[in-house]
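User: I'd like to go through this model and check the labels against the numbers behind them. Can you take me through it?

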Amino acid sequence: MVMNGELRSSSKDGSRSPASSADQEALVDVPLSFELSGFEPLPNANRGGEAGPSAKWYHAAFHTITAVVGVGVLGLPYSFSYLGWIGGILALVATLAASLYTAYLLSALHEEPDGTRHNRYVDLGRAILGDAWAKWLITPLQYSVMIGLAVAYLVTAGQSFQAVHNNRCNGHTENAADVDVDNCKRALTGWIILFGGIQLLLSQVKDFHSLWWVSLLGAAMSVMYSMIAFVASAVKGHSGVSFDKHSGSAVDRTFGTFNSFGTIMFAFGGQIVMPEIQATLAVPPPAVESMMKGIYFAYVIVTLAYFPVATAGYAAFGNQVNADVLLSVSRPAGLIEVANFMVVIHIAASYQIFAQPVFENVETFITERQLWPSSRPRLMRAVVRSLYVALTTFVAICLPFFADLMGLIGAAGFTPMTFILPCVFWIKARQPQGIVFWVNITIIVVYSLGGLLAAVGSIRQIILHARTYNLFH
């Protein structure tokens, strides 16, 4: 069944429709996001003479690895400590398979048989489900997650900087009396601002495809700190480790299990920007072919990163493993410092991957409504993006406990956009029959339940930690 998409961003030969206003025309010379703007009249060049969508499959692979592989990989051993060997491995395998399948669905639906391409997640949803669903469901879900991730990344990067500082401060003396306690308690705020400054510079990169080198660096860092976590866990492991149930009440263990399912689900969240990634790909060959090649490569890396870290971390520390396995491996101190810096570099790339769609949509909104002089697009870009980084940094400083809130946002946003909506799109657009239909229904039911349980667990965490929350910590 062909989708009746209203937004025709390209023709069968990949060409783009011309600009509808002089303001848009002027901005094409300095593309805000050439792969999404839809203003270029030629397949491979815009009016300013710059190349149009020209990304290759390996660029898509870099972006996908950076979007999917997150610091959540370091929490997988902790999830196993609640789920056990069998439950943990089954949950990880099933979620990996479901995530790869839904990535394929989004990629296959990106382009209709008549050549229409849906270059944003919300455009795809609008074409299949209609304007109301796109406006009131998909847009709020996508933007709550992308903006929430920006804040969470700022907090996480600040904590990583702080961990390196504290480790160096406390780790180079054998005498506790020699430790400068005040110096080792530097506030998290300064580290968050430092990372915000880094993002302020990176956010000036003009569009998604131009970030390919940032994504490559982020992907490399994610692989490397995963390897460090794996090797350090394997070396540090000791005999006598316990794999018994966690201590505490049955209620605590039950909610810990809920949160563990959530951690595994949230480790596969790149789908919310996959249509935007696919929009950067040159045609020909068909975008779906290049995108799937990139996805397959990315998921090989995901598999090689996730399973060794999860199993080695749990095998080494059992039910005593920390929520971040690197915290369980405190030595060698230098190696852990390197791993934390790698986490920061990867998060810097991930921030940009999830921020670019926000930038593009805000800048398009301003352009279409002629809210900014068309002769100064670079200045508009600098102002919009700097304000976004400043606002997310301010929220991160105010709410350093945002990780608890992010768990709830992830349950409400990541789960539907990664597992549920792609299957709904496929059923509505292609009307599959037989086993394919039931596979999609099964994924919808299982991950709807999983998302609900994870949300309940996150709400409980917020309630339990509410008394310790402090603004501007």
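**Labels and the values behind them**

Analyst: Sure. In this protein, 81% of the contacts with a separation of 6 or more come from residues 24 or more positions apart. Keep in mind that this is a predicted model. Its secondary structure comes to 16 helices and zero strands, and buried residues make up 54% of the 473 residues.

User: What makes Ser290 count as buried or exposed?

Analyst: Its relative accessibility is 9%. Buried means under 20%, so Ser290 counts as buried. Ser290 sits in helix α11, residues 287-317. Leaving aside neighbours within four places in sequence, Ser290 is in contact with Trp57, Leu281 and Pro285. The C-alpha atoms of Ser290 and Trp57 are 4.6 Å apart, although 233 residues separate the two along the chain.

User: And Thr415, why is it called buried?

Analyst: Thr415 comes out at 2% relative accessibility. With the cut-off at under 20%, Thr415 therefore counts as buried. You'll find Thr415 in helix α15, residues 402-430. Not counting residues up to four places away in sequence, Thr415 touches Met265, Phe266, Gly410, Ile420, Tyr447 and Gly451.

User: How do you know that Ser160 is buried?

Analyst: By the same kind of check. Ser160 has a relative accessible area of 7%, and anything under 20% is buried, so the label holds for Ser160. Ser160 belongs to helix α6, residues 131-171. Outside the four places either side in sequence, Ser160 is in contact with Asn340, Val343 and Val344.

User: Which residues have the most contacts inside the largest nonpolar core?

Analyst: Those are Leu92, Phe268, Tyr306, Phe354 and Phe425, in a core of 115 residues. Helix α11 gives the most to this core, with 15 residues. As for Phe354, the contacts beyond four places in sequence are with Ala67, Met146, Leu149, Tyr153, Gly269, Ile272 and Val273.

User: Now the helix pairs. What makes α8 roughly parallel to α11?

Analyst: The crossing angle. The axes of α8 (residues 212-236) and α11 come within 8 Å and cross at roughly 25°. Angles under 35 degrees count as roughly parallel, so that is the label for α8 and α11. Their crossing is left-handed.

User: Which residues meet there?

Analyst: From α8, Val223, Ser226, Ala229, Phe230, Ser233 and Lys236; from α11, Ile301, Ala305, Pro308, Val309, Ala312, Gly313, Ala316 and Phe317. The residues of the contact between α8 and α11 divide into ten nonpolar, three polar and one charged.

User: Why are α7 and α13 called oblique?

Analyst: The axes of α7 (residues 188-202) and α13 (residues 333-368) come within 10 Å and cross at roughly 50°. Under 35 degrees would be roughly parallel, and 65 to 115 would be roughly perpendicular. The angle fits neither range, so α7 and α13 are oblique to each other. The crossing of α7 and α13 is right-handed.

User: What is that contact made of?

Analyst: On the α7 side, Phe195, Gln199 and Leu202; on the α13 side, Val344, Ile347, Ala348, Tyr351 and Gln352. By class, the residues of the α7 contact with α13 divide into six nonpolar, two polar and no charged. You've met Val344 already: Ser160 is in contact with Val344 too.

Conventions
Residues are numbered from 1 along each chain as its sequence is written. This is a predicted model: local features need pLDDT of at least 70, side-chain atom pairs count only at pLDDT 80 or more; totals for chains, interfaces and linings use all residues. Side-chain values use heavy atoms; hydrogens and water are left out. Helices (H or I, at least four residues) and strands (E, at least two) are DSSP runs, numbered from the N terminus. Buried means under 20% relative accessible area, exposed over 50%, partly exposed in between (1.4 Å probe, protein chains only). Contact means heavy atoms within 4.5 Å. A nonpolar core is a set of buried Ala, Val, Leu, Ile, Met, Phe, Trp, Tyr and Cys residues joined through side-chain atoms within 4.5 Å. Axes are lines fitted to C-alpha atoms, for helices over the stretch in contact, and angles run from 0 to 180 degrees between N-to-C directions. Angles under 35 degrees count as roughly parallel, over 145 as roughly antiparallel, 65 to 115 as roughly perpendicular and the rest as oblique. A crossing is left-handed if the near helix is turned anticlockwise from the far one by less than a right angle, and right-handed if clockwise. Ala, Val, Leu, Ile, Met, Phe, Trp, Tyr, Cys and Pro count as nonpolar, Asp, Glu, Lys and Arg as charged, and the others, Gly among them, as polar.
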